[in-house]
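Here are a few notes to read with the model open beside you. Take them one at a time and find each residue as you go.

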Amino acid sequence: MTNQRTLSIIKPDAVKKGVIGQILARFEAKGLKVAAIKKVYLNAQTAGEFYAEHKERPFFGELVDFMVSGPCYPLVLEGPNAIMANRELMGATNPTKAEAGTIRGDFAMPCTDLSANAVHGSDSEESANREISFFFSASELA
Ligand code: CMP
(Lines give C-alpha, C1' and ligand atoms only; values in the text may rest on other atoms or scores of the structure.)
Protein backbone atom coordinates (compact mmCIF):
# COMPACT_ATOMS: atom_id res chain seq x y z
CA MET A 1 0.00 0.00 0.00
CA THR A 2 1.35 3.39 -1.01
CA ASN A 3 0.82 6.31 1.33
CA GLN A 4 -0.76 9.07 -0.78
CA ARG A 5 -2.40 12.46 -0.56
CA THR A 6 -5.47 13.42 -2.56
CA LEU A 7 -7.71 16.46 -2.82
CA SER A 8 -11.38 16.32 -1.94
CA ILE A 9 -13.84 19.22 -2.12
CA ILE A 10 -17.03 19.21 -0.12
CA LYS A 11 -19.15 21.06 -2.68
CA PRO A 12 -21.73 23.83 -2.07
CA ASP A 13 -24.74 21.46 -2.14
CA ALA A 14 -23.32 19.32 0.69
CA VAL A 15 -22.34 22.43 2.67
CA LYS A 16 -25.91 23.76 2.32
CA LYS A 17 -27.33 20.40 3.45
CA GLY A 18 -25.20 20.54 6.61
CA VAL A 19 -23.46 17.21 6.06
CA ILE A 20 -19.80 18.29 6.31
CA GLY A 21 -19.29 16.34 9.53
CA GLN A 22 -20.93 13.20 8.18
CA ILE A 23 -18.72 13.30 5.07
CA LEU A 24 -15.55 13.80 7.13
CA ALA A 25 -16.59 10.84 9.28
CA ARG A 26 -16.75 8.65 6.14
CA PHE A 27 -13.13 9.55 5.30
CA GLU A 28 -11.91 8.85 8.82
CA ALA A 29 -13.82 5.56 9.07
CA LYS A 30 -11.97 4.43 5.93
CA GLY A 31 -8.58 5.22 7.51
CA LEU A 32 -7.98 8.51 5.67
CA LYS A 33 -6.69 11.43 7.74
CA VAL A 34 -7.76 15.02 7.07
CA ALA A 35 -4.30 16.60 6.64
CA ALA A 36 -5.66 20.10 5.84
CA ILE A 37 -9.05 21.74 5.35
CA LYS A 38 -10.36 25.27 4.71
CA LYS A 39 -13.51 27.16 3.77
CA VAL A 40 -13.30 28.78 0.33
CA TYR A 41 -15.57 31.06 -1.69
CA LEU A 42 -14.63 30.35 -5.31
CA ASN A 43 -15.35 32.97 -7.97
CA ALA A 44 -15.82 32.48 -11.71
CA GLN A 45 -12.09 32.84 -12.33
CA THR A 46 -10.85 30.47 -9.62
CA ALA A 47 -13.58 27.88 -10.30
CA GLY A 48 -12.80 28.06 -14.04
CA GLU A 49 -9.08 27.61 -13.39
CA PHE A 50 -9.65 24.65 -11.09
CA TYR A 51 -11.87 22.90 -13.66
CA ALA A 52 -9.86 24.11 -16.70
CA GLU A 53 -9.62 20.56 -18.10
CA HIS A 54 -13.42 20.66 -18.65
CA LYS A 55 -13.38 24.07 -20.40
CA GLU A 56 -14.62 22.69 -23.72
CA ARG A 57 -17.31 20.44 -22.20
CA PRO A 58 -20.95 21.56 -22.57
CA PHE A 59 -21.48 21.52 -18.80
CA PHE A 60 -18.52 23.82 -17.98
CA GLY A 61 -20.59 27.01 -17.54
CA GLU A 62 -23.13 25.29 -15.28
CA LEU A 63 -20.34 23.68 -13.25
CA VAL A 64 -18.65 27.05 -12.66
CA ASP A 65 -21.99 28.71 -11.77
CA PHE A 66 -22.68 25.94 -9.28
CA MET A 67 -19.24 26.10 -7.67
CA VAL A 68 -19.63 29.84 -7.02
CA SER A 69 -23.14 29.41 -5.58
CA GLY A 70 -21.86 29.05 -2.02
CA PRO A 71 -18.81 28.17 0.03
CA CYS A 72 -17.01 24.88 -0.40
CA TYR A 73 -14.47 23.03 1.74
CA PRO A 74 -11.36 21.79 -0.07
CA LEU A 75 -9.43 19.27 2.02
CA VAL A 76 -6.41 17.04 1.74
CA LEU A 77 -6.82 13.38 2.58
CA GLU A 78 -3.82 11.27 3.48
CA GLY A 79 -3.50 7.51 3.86
CA PRO A 80 -2.94 4.18 2.13
CA ASN A 81 -3.92 4.41 -1.58
CA ALA A 82 -5.81 7.61 -0.71
CA ILE A 83 -6.68 8.50 -4.32
CA MET A 84 -8.48 5.24 -5.09
CA ALA A 85 -9.87 4.87 -1.56
CA ASN A 86 -11.49 8.30 -1.85
CA ARG A 87 -12.93 7.54 -5.30
CA GLU A 88 -14.50 4.35 -3.94
CA LEU A 89 -15.98 6.28 -1.03
CA MET A 90 -17.42 8.98 -3.35
CA GLY A 91 -19.25 6.64 -5.74
CA ALA A 92 -20.19 7.39 -9.35
CA THR A 93 -20.01 10.99 -10.68
CA ASN A 94 -23.72 10.82 -11.47
CA PRO A 95 -25.39 10.45 -8.05
CA THR A 96 -28.34 8.58 -9.56
CA LYS A 97 -25.81 5.86 -10.49
CA ALA A 98 -23.89 5.98 -7.21
CA GLU A 99 -24.49 3.03 -4.89
CA ALA A 100 -26.16 3.49 -1.51
CA GLY A 101 -23.44 3.69 1.11
CA THR A 102 -21.26 5.95 -1.04
CA ILE A 103 -21.03 9.68 -0.29
CA ARG A 104 -22.79 10.68 -3.50
CA GLY A 105 -25.38 7.93 -3.19
CA ASP A 106 -26.23 9.04 0.34
CA PHE A 107 -25.74 12.83 0.29
CA ALA A 108 -26.33 13.97 -3.33
CA MET A 109 -29.77 12.43 -3.82
CA PRO A 110 -32.27 13.32 -5.13
CA CYS A 111 -30.14 14.77 -7.92
CA THR A 112 -31.32 17.12 -10.67
CA ASP A 113 -27.95 18.71 -11.47
CA LEU A 114 -24.81 16.64 -12.07
CA SER A 115 -22.66 19.50 -10.78
CA ALA A 116 -24.32 19.11 -7.38
CA ASN A 117 -22.76 15.77 -6.52
CA ALA A 118 -21.61 16.53 -2.95
CA VAL A 119 -17.88 15.97 -3.43
CA HIS A 120 -15.02 16.21 -5.89
CA GLY A 121 -12.01 13.89 -5.69
CA SER A 122 -8.72 13.81 -7.61
CA ASP A 123 -8.60 11.05 -10.22
CA SER A 124 -4.82 10.46 -10.46
CA GLU A 125 -1.55 11.24 -8.70
CA GLU A 126 -0.84 14.00 -11.22
CA SER A 127 -4.27 15.62 -10.64
CA ALA A 128 -3.90 15.23 -6.88
CA ASN A 129 -0.58 17.12 -6.90
CA ARG A 130 -1.98 19.92 -9.06
CA GLU A 131 -5.26 20.18 -7.15
CA ILE A 132 -3.66 20.09 -3.69
CA SER A 133 -1.28 22.91 -4.59
CA PHE A 134 -4.19 24.86 -6.15
CA PHE A 135 -5.71 25.28 -2.68
CA PHE A 136 -2.93 24.67 -0.14
CA SER A 137 0.55 26.10 0.41
CA ALA A 138 3.47 23.96 1.58
CA SER A 139 3.24 25.46 5.07
CA GLU A 140 -0.43 24.54 5.34
CA LEU A 141 0.51 20.94 4.58
CA ALA A 142 3.50 20.69 6.92
P1 CMP B 1 -16.25 16.47 -10.24
O2 CMP B 1 -15.65 15.24 -9.67
O3 CMP B 1 -16.23 17.70 -9.42
O4 CMP B 1 -15.50 16.79 -11.63
C5 CMP B 1 -16.11 17.52 -12.67
C6 CMP B 1 -17.55 17.77 -12.40
O7 CMP B 1 -18.35 18.16 -13.49
C8 CMP B 1 -18.21 16.49 -11.92
O9 CMP B 1 -17.75 16.15 -10.63
C10 CMP B 1 -19.68 16.86 -11.99
O11 CMP B 1 -20.14 17.47 -10.80
C12 CMP B 1 -19.70 17.94 -13.08
N13 CMP B 1 -20.53 17.58 -14.23
C14 CMP B 1 -21.60 18.26 -14.64
N15 CMP B 1 -22.14 17.69 -15.72
C16 CMP B 1 -21.38 16.60 -16.01
C17 CMP B 1 -21.44 15.59 -17.02
N18 CMP B 1 -22.36 15.60 -17.97
N19 CMP B 1 -20.48 14.64 -17.01
C20 CMP B 1 -19.51 14.65 -16.06
N21 CMP B 1 -19.41 15.59 -15.08
C22 CMP B 1 -20.34 16.55 -15.06
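The points below cover one arginine, the cysteines and the largest pocket.

1. First, a reminder: this is a predicted model. Please keep that in mind as you read the distances and volumes.

2. Start with arginine 26, which sits in helix α2, residues 20-29. Is arginine 26 buried or exposed? Neither label fits: arginine 26 counts as partly exposed because its relative accessibility is 24%, and the partly exposed class lies between 20% and 50%.

3. Now look at who arginine 26 meets. Beyond its neighbours within four places in sequence, arginine 26 is in contact with Leu89, Gly101, Thr102, Ile103, Asp106 and Phe107. Take leucine 89: it is 63 residues from arginine 26 in sequence, yet their C-alpha atoms are 7.6 Å apart in space.

4. On to the cysteines. How many disulfides does the structure hold? Zero. The cysteine sulfur closest to that of cysteine 72 belongs to cysteine 111, and it is 18 Å away, so the two are too far apart for a bond; a disulfide needs the sulfur atoms within 2.5 Å. Both cysteines count as buried, cysteine 72 with a relative accessible area of 0% and cysteine 111 at 19% relative accessibility.

5. Last, the largest pocket, with a volume of about 510 Å³. It is lined by 24 residues, and those closest to its centre are Tyr51, His54, Phe59, Thr93 and Asn117. Strand β4 (119-121) gives the largest share of the lining, three residues, while α4, α5 and α7 are among the elements that each supply at least two. By class, the lining has nine charged, eight polar and seven nonpolar residues.

Notes
Residues are numbered from 1 along each chain as its sequence is written. This is a predicted model: local features need pLDDT of at least 70, side-chain atom pairs count only at pLDDT 80 or more; totals for chains, interfaces and linings use all residues. Side-chain values use heavy atoms; hydrogens and water are left out. Helices (H or I, at least four residues) and strands (E, at least two) are DSSP runs, numbered from the N terminus. Buried means under 20% relative accessible area, exposed over 50%, partly exposed in between (1.4 Å probe, protein chains only). Contact means heavy atoms within 4.5 Å. On a 1 Å grid over the protein atoms alone, a cavity is a set of points where a 1.4 Å probe fits but cannot get out, and a pocket is an open set with protein on both sides within 12 Å along at least five of seven lines; lining residues have an atom within 4 Å of a point. Grid points are joined across faces, edges and corners, and a volume is the space filled by probe spheres set on the points. Ala, Val, Leu, Ile, Met, Phe, Trp, Tyr, Cys and Pro count as nonpolar, Asp, Glu, Lys and Arg as charged, and the others, Gly among them, as polar.
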